[in-house]
Every structure is written in C-alpha cells, then in structure tokens.
Protein chains: 2
Amino acid sequence: MAEVTATLSIGQVAERTGLSVHALRFYEQQGVFVSPVRRGPGGRRSYTEDDVDWLGVCIILRASGMPLPALRRYADLVREGAGNEEERLALLREHHGQVTTQLDRLTQCLDLITFKVGVYEDLLDQDRRAAGPGRRRPSVGGDVPASGPGTSA
Amino acid sequence: MAEVTATLSIGQVAERTGLSVHALRFYEQQGVFVSPVRRGPGGRRSYTEDDVDWLGVCIILRASGMPLPALRRYADLVREGAGNEEERLALLREHHGQVTTQLDRLTQCLDLITFKVGVYEDLLDQDRRAAGPGRRRPSVGGDVPASGPGTSA
DNA sequence: CTAGGAGCTAGAGTCGGCTCTAGGTCAACC
DNA sequence: GGTTGACCTAGAGCCGACTCTAGCTCCTAG
C-alpha cells in the first residue's frame, strides 16, 4: 500500500480523458464534479482516480446529448449521498428515453440516406454500362426522383 | 388541370414543414434552396410543392447532423444539374458514414445508461423487499459502483 | 538568473443555428 | 379610415459548450 491515492494534475487528466484543460476547469465551475476537486500546493488542482472515473461517466452522458445542467443535477444527487436513488433513477430513465428517441430518429434518417445513396449508385451504374442506348432514369433536372422510403410510394 | 402549380406562402410552408418562418428565410439566405424561391406580388415568397419536398430532405439531413454548409453544397450540386452525380454520391456517402458512426456511439452510450438504470433498479428493489435484514450493495457514498459494461469487469 | 513550462483566475470570444426586433408595406375587413 | 394580420428587410441577440487571452505564480533546468 505504497501510493495511498495517487493524484493527477489537470494536464494528466486532460490527457487521459481527452477533455481539454479548459473544459476541465469549465466543468468544475459548472459543478459537474461530485467531490469538490482538491487543491495541491500553489492552488493547483489535484484529481483522484475517482474523479477520472466520474469524468468517464460524464463524457458518455455528454456524448449522448445530456446537457450540462442535467449532468450537474445528477452530480448534485450523487454528492448528497444515499437516499435519493429514486431521483437518480428517474433522471437516468429520462435520459435513456431521450437517447432511445434520438436513436430511432437517426435510424430513420439513415434509412433515407441509404436509399438515396442507392439511387445514385444505380443511376451511375446504368450510365456507365449503357453509355449510348437510351438511358433509363432520365436524371431529372433536380434531385433524384423519389425523396425516400415512405415518401410517395 | 386547373391548378397549374399551387404556390404556398411562407406561413403555409412553415406550418407544413414544422420549420419557423425565420428558419425558412434563414435557409434561403444560406442558399440551401435548389431553385431560388419565387416572389409573388409585394415581394412575398411563394413556394412550390417541389420546394416543400426539398425541405423535407433538408430536414432529414439536418436532423441527422449535416451542417448547413454541407447542405448548401449539396443544393449547389443539384442546382447545377445532371453531370455531377459522383459528387453528390460522395457527399451523401460521407454523411452516411458520419451518421453510422454517430449511431454506433449513441448505441454504446445507451448500453451504459441502460446498465446504470438496471443497477439502480436492482438497488431500489432490494431496499424495498428487505427493509431491515442487512442491506446488500451498501450504496457506496458516491455513484453506483461499476461505471458500466466494459469498464473494469 | 533567466527562460520555459505548467498551472492559476477572470472574463472575453467563438461557432452554429436559429430567433427576435425594429420599422415598413400591403390587402382585407368593420 | 383605422386596425388587424401576414409578410418584407437588415441586423442584433441568444444559447450551449467550450476555447482562448491576459496577466499572474510557481518550479525546474541550464
């Protein structure tokens, strides 16, 4: 048990998490840390492994679109300690729902895009293998004909 | 063939597309329209059904995270007319890739969130059905123990 | 002893994508 | 003829999440 709790500088944490030092200070100011970031000599921030773990969670929540205020709220609950698990669960469920919704939307969008890619591929294919005898799909002045699956047939 | 091409006011288009009139003017200014939006008496915008169809495509591309400059670029290509299908295809493929990536990321995030929701559910379940005889999962001061699937076992 | 590098604070700036405001035109209704 | 209500333009403002700057303190190495 040599190293009681190795602490990390802001630069090291930035490197490990991929966040910028600016972002780390900003997050702290926004109250997204569960425990209030210790200071070492000269007032320098010294982070624990727990802080880094927590940041990992934050990064994932942020990446899935959770806004900072919600993240702060969650941190507040965790900071308060045991007893508010229902609230934490509610918050997570709420976010879960939003991510699911977003996934559905994105999947739909992807369908359309895939469709359009397919149309252009076909079109180019045919142009290529029949460069002469009356082209099918007259490549209408504008965008590719159908707007996608689900739109007008 | 009574109505040659019924045209729509900006308000009507806003209503149909769900975009605001502000957004419609903004999009026009940003050059995301393929054809340059006609003006009726008094300089009022009058949109065609084609415009609305195109907006439908725009909405989906935007919803999937395509930035306005890319949307404008795509519109530019379509406006140019036939002959640049490879470029359009490239642009769409590029975006397709980004959406796929984003979907993967989101799915991973969702896994973590689902996991955490599960942990909290279990925890509350056990608290509830054993309100007395030594609680398991001591509900560690901080957040729920494991950070998720893939993180430390 | 000075130069460099990492850190500090407070606060300004940036970017994307709208959103809103001010000030005006026009047509229709009472 | 006065008042809506929908529209117009140009440009300012806003929001979220950073990012950057200025001006400072330390510490270490050459």
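Biologist: What makes the pairing of a backbone N or O atom of Leu68(B) with a phosphate oxygen of DNA strand C a polar contact?
Modeller: In this predicted model, the two atoms lie 3.4 Å apart. The cut-off is 3.5 Å for a pair of N or O atoms, so this pair counts.

Biologist: How do you know that Arg25(A) and Arg62(B) make polar contacts with phosphate oxygens of strand C too?
Modeller: Same test! A polar side-chain atom of Arg25(A) is 2.8 Å from a phosphate oxygen of DNA strand C, and for Arg62(B) the value is 3.0 Å. Both values are within 3.5 Å, so both pairs pass.

Biologist: Which elements give two or more residues to the surface near strand C?
Modeller: They are α1 (10–17) of chain A, plus α2 (21–29) and α4 (68–80) of chain B. The top contributor is α2(B), with four residues.

Biologist: What makes Gly11(A) count as near DNA strand C?
Modeller: Being near takes a heavy atom within 4 Å of the strand. Gly11(A) is one of the 17 residues around strand C, and it is listed among those that come nearest, alongside Arg25(A), Arg44(A), Arg45(A) and Tyr27(B).

Biologist: And what share of the strand C atoms within 4 Å of the protein belongs to sugar or phosphate?
Modeller: That's 76%, with the rest in bases.

Biologist: Now the cysteines. Why is Cys58(A) called buried?
Modeller: Its relative accessible area is 1%. Buried means under 20%, so Cys58(A) qualifies. Cys109(A), at 5%, is buried by the same rule.

Biologist: How many disulfides turn up over all chains?
Modeller: Zero, after searching the whole structure. Therefore no pair of cysteine sulfur atoms comes within 2.5 Å.

How values were computed
Residues numbered from 1 in each chain as written. Chains lettered and ligands numbered in written order. Predicted model: local features only at pLDDT ≥ 70, side-chain atom pairs only at ≥ 80, totals over all residues. Heavy atoms only, no water. Polar contact = N/O pair within 3.5 Å; in protein donor to acceptor, adjacent residues only side chain to side chain. Buried < 20%, exposed > 50% of the residue type's maximum accessible area, 1.4 Å probe, protein only.
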